[in-house]
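Good morning, and thank you for coming. Please look at the sequence and the structure before I begin.

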Amino acid sequence: MKNENKNNHKRHFTSTDLICVLLVIALVFLGLAEYANLHRDEIGKKIAEDLASSSVSTSSASASSLPTELTSTSSNLILVNKTHKLPDGYEPTDAQLSTPYLNSSTDAIRLKSEAAEQAKAMKAAAAEASITLIVSSGYVTYKEQEDLYNARVKLLGGGDNGPASTAIEKPGYSEHQTGLAIDFTNDAAQSTPTSAFADSDAGKWLYAHAHEYGFILRYPKGKESITGYDYMPWHYRYVGVDVANAIYAVSPDETFEEYYKISN
Ligand SMILES: [Zn+2]
């Protein structure tokens, strides 16, 4: 009996002990679970913050609010400037480009087909007025623009706000990569046009008539702070006849940015 009591007592003690151990284990688990919850919330918050910041950097607020006609690569009105870059890897297809042979039957200058047709009509109209339009550049690939940009930086000096930054577009930021921009020159032997082009017969004729064929002077004089580029009297951009006429009606020096109320 004594032994039995002792045994009972011993068994009772062991049960209490076991309950205590289980309680401790349960508390430890609860504590760990709570810690894990807090930690998971922290990680979730961090992921949400990261997602929010990455979506801001990939699409600027101004780009998302622009109408599709200003952002679509298939549109004649695609906006390309210092803050609106072409999509990475964008190149028009061969089928979208044509070679209008604007200078001779062998030149290789290419433009988007509609712009090419209009450039041919413009060249013919200028010839009627005894003006010879000499084209120095049309469609430029990303790689060609990169080479041109690097050469100009070497010549003038680099840096985001350096001397070359207002003279030439960075690769990815050039209207020439759309096949809708065209450069003229007053000297066929001169690869880089100069501001003297403005006073040439061709420069004056273009300034007065290019809009009739759908082209606008893209970097006018006195609008450098808006376009971000030097006055380039040789650089015209195809936007279609209706829009070019409407822009010209405001002023021959109205910029694309002003007309569409785009703030950079
Ligand atoms: Zn140009």
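**The zinc site and the cores**

Let me begin with the zinc ion: its 4 donor atoms subtend angles of 55 to 156°, and therefore the arrangement is irregular (four donors are tetrahedral if all angles lie between 85 and 135 degrees, and square planar if opposite donors are over 155 degrees apart and all others between 65 and 115). The donors are His176 (NE2), Asp183 (OD), Asp183 (OD) and His235 (ND1), at 2.0 to 2.6 Å; a donor here is an N, O or S atom within 2.8 Å of the metal, and sites may look incomplete, as water is not among the atoms.

This is a predicted model, in which local features need pLDDT of at least 70 and side-chain atom pairs pLDDT 80 or more, while totals for chains, interfaces and linings use all residues. Residues are numbered from 1 along each chain as its sequence is written, and side-chain values use heavy atoms, without hydrogens and water.

His176 is buried, at 4% relative accessibility, and Asp183 is buried as well, at 11% (buried means under 20% relative accessible area, with a 1.4 Å probe and protein chains only).

I turn now to the interior. The largest nonpolar core, a set of buried Ala, Val, Leu, Ile, Met, Phe, Trp, Tyr and Cys residues joined through side-chain atoms within 4.5 Å, has 33 residues, and Trp205 is among those that touch the most other members. Helix H4 (113–128) is one of the elements giving two or more residues to this core, and H4 supplies the largest share, 6 residues (helices are DSSP runs of H or I, at least four residues, numbered from the N terminus). Apart from this core lies another, of 12 residues, including Leu66 and Val243.

Technical notes: Donors = N, O, S within 2.8 Å, 3.2 Å for Na, K, Ca; no water. Tetrahedral: all angles 85-135°; square planar, octahedral: opposite > 155°, others 65-115°. Buried < 20%, exposed > 50% of the residue type's maximum accessible area, 1.4 Å probe, protein only.
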